[in-house]
Amino acid sequence: MQELTGLNSKGATTLMAQHLLAAADRYGLERVRLMCETNLCEDVAINTVATTLALAEQHHCFQLKAVCLKFVAQPENLRAVMQTDGFEYLKESCPSVLTELLEYVARFTEHSDYLCKHRNEAILDGSDINGRRVKQRL
């Protein structure tokens with residue numbers, strides 16, 4: 001497989017699953033499409049996530065799209081994904097997905113900020129994350 005595609009086995013598997021998903025969708029092979037979607041959900045990587053996200057958008061794979069958005073929205077992944085060729089392809093082929101990605105990143109950031117704020121407040125006022133009073137152990 002590596003000789004044929006020039007990719008390592010994981011990259012080759014992802015590439016094959018992407019092409020198979022597109023073909024399965026085109027020919028109405030729903031079970032094969034779902035198997036490919038499941039496989040792609042399990043093998044999300046920085047160098048393939050943008051093209052997988054475009055594929056998910058084009059073939060209405062909602063679970064795969066959600067997994068990809070969640071992966072890309074993580075701050076440690078976002079910058080690296082934006083530097084890939086796949087991200088350029090995503091911008092050109094599915095510009096509406098970028099809007100969804102921005103919204104997802106904003107929600108992810110707000111949620112992270114909320115958790116950090118409440119953790120800090122919990123330490124300061126002696127309550128836990130749910131606002132319950134906690135007795136400090138000595």
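In the protein chain, residues 24 or more positions apart account for 55% of the contacts with a separation of 6 or more, where contact means heavy atoms within 4.5 Å. This is a predicted model, in which local features need pLDDT of at least 70 and side-chain atom pairs count only at pLDDT 80 or more, while totals for chains, interfaces and linings use all residues. Residues are numbered from 1 along each chain as its sequence is written, and side-chain values use heavy atoms, with hydrogens and water left out.

The secondary structure comes to eight helices and zero strands, these being DSSP runs numbered from the N terminus (helices are H or I of at least four residues, strands E of at least two). Of the 138 residues in the chain, 33% are buried, a term that means under 20% relative accessible area, with exposed over 50% and partly exposed in between (1.4 Å probe, protein chains only). The chain exposes about 9,500 Å², of which carbon and sulfur atoms supply 56%, with areas taken from the Shrake-Rupley method with a 1.4 Å probe.

Turning to the interior, the largest nonpolar core has 27 residues, and those with the most contacts inside it are Leu21, Val49, Leu64, Val72 and Leu90; such a core is a set of buried Ala, Val, Leu, Ile, Met, Phe, Trp, Tyr and Cys residues joined through side-chain atoms within 4.5 Å. Among the elements that give two or more residues to this core are helix H2 (9-26), helix H4 (49-58), helix H5 (62-73) and helix H8 (95-125).

Helix H5 has twelve residues and reaches 16 Å from its first C-alpha to its last, close to the 16 Å expected at 1.5 Å a residue, a span reckoned as 1.5 Å times one less than the number of residues. Its buried residues are Leu64, Lys65, Cys68, Leu69, Phe71, Val72 and Ala73. Leaving aside neighbours within four places in sequence, Leu64 is in contact with Leu21, Glu37, Leu40, Cys41, Thr52 and Ala56.

H4 and H5 pack at an angle of about 145 degrees, with their axes 9 Å apart; axes are lines fitted to C-alpha atoms, for helices over the stretch in contact, and angles run from 0 to 180 degrees between N-to-C directions. Where they meet, Val49, Thr52, Leu53, Ala56 and Glu57 in H4 face Leu64, Lys65, Cys68, Leu69, Phe71 and Val72 in H5.

Finally, Asn77 is found in helix H6 and is buried, with a relative accessible area of 8%. Not counting residues up to four places away in sequence, Asn77 touches Ile46, Phe71 and Val72.
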